[in-house]
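Trainee: Before we start, could you take me through this one slowly, setting each value against the definition behind it?

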Amino acid sequence: MLPRAHPRLLLPLLAVALVGALTGCSLFDRDKPGTTLAQPSAPVAGGRSQLEIPTTVAAGQVSLLQRLGEDGPMRTLSVERNGAWQCLDCAGDGVTSRGTLAPELTERLQVLLANPKLAAETDQARRYRTTCIDALTSSLLTSTGLITSQDCPGEERTPVAGEILLLLTQATPAEVKG
């Protein structure tokens, strides 16, 4: 007879599976330094190219992945160190938008991304679990790690990551609420 898995291991395994499903990526490539943000993949119907969801980012870069509920479309915003951003499906229409953050916002974003307190806000450090169903789930992918939050009552906000999320959603077509 095979030994049974410990029930206390089930929740962390489910959390890892959920994070993987939300980000659509492998969590095992996160330690590779210097990996760049997503690049367009092969063209899809209509001659457009589809942006791949990033799996890692370098220092000074950030990606915001948002999904409303389990079945909602995934919005992906990638911001480079110089403030250039690209947002896939931000309006839910499949269109990729591009722009550049204002210099003062780029500088503020870099200060926030370099804040040592960000390490304590990662999903791993907080042992984060999603708690709401059909809520807007926002995941920030930073060089420090993945930081997830949900727009639901009682959700504890992360100070530094919360500021990054607010900055990105106010300066780009990404939304803070669903």
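Trainee: How many residues does the protein chain have, and what percentage of them count as buried?

Mentor: This is a predicted model, and of the 178 residues in its protein chain, 40% count as buried, a label that requires a relative accessible area under 20%.

Trainee: What elements make up the protein chain?

Mentor: The protein chain holds four helices and eight strands, and read from the N terminus they follow the order α-β-β-β-β-β-β-α-α-β-β-α.

Trainee: Why is the set with Val62, Val79, Leu109, Leu140, Ile164 and Leu168 called a nonpolar core?

Mentor: The name fits because such a core is made of buried residues of kinds including Val, Leu and Ile, joined through side-chain atoms within 4.5 Å, and the six you name have the most contacts inside the largest one, which has 20 residues. At least two residues of this core come from each of β3, β4, β5, α2 and α4, with α4 giving the most, namely six.

Trainee: Which residues does Leu109 contact, leaving aside its neighbours within four places in sequence?

Mentor: With those neighbours set aside, Leu109 is in contact with Val62, Val79, Leu101, Ile164, Leu167 and Leu168, where contact requires heavy atoms within 4.5 Å.

Trainee: How do you know that the span of α4 is close to the expected one?

Mentor: The expected span is 1.5 Å times one less than the number of residues; for the 13 residues of α4 this is given as 18 Å, and the helix reaches 18 Å from its first C-alpha to its last, so the two agree closely.

Trainee: What covers the buried residues of α4?

Mentor: The cover includes β3, β4, α2, β7 and β8, and among the buried residues of α4 are Val160, Ile164 and Leu168.

Conventions
Residues numbered from 1 in each chain as written. Predicted model: local features only at pLDDT ≥ 70, side-chain atom pairs only at ≥ 80, totals over all residues. Heavy atoms only, no water. Buried < 20%, exposed > 50% of the residue type's maximum accessible area, 1.4 Å probe, protein only.
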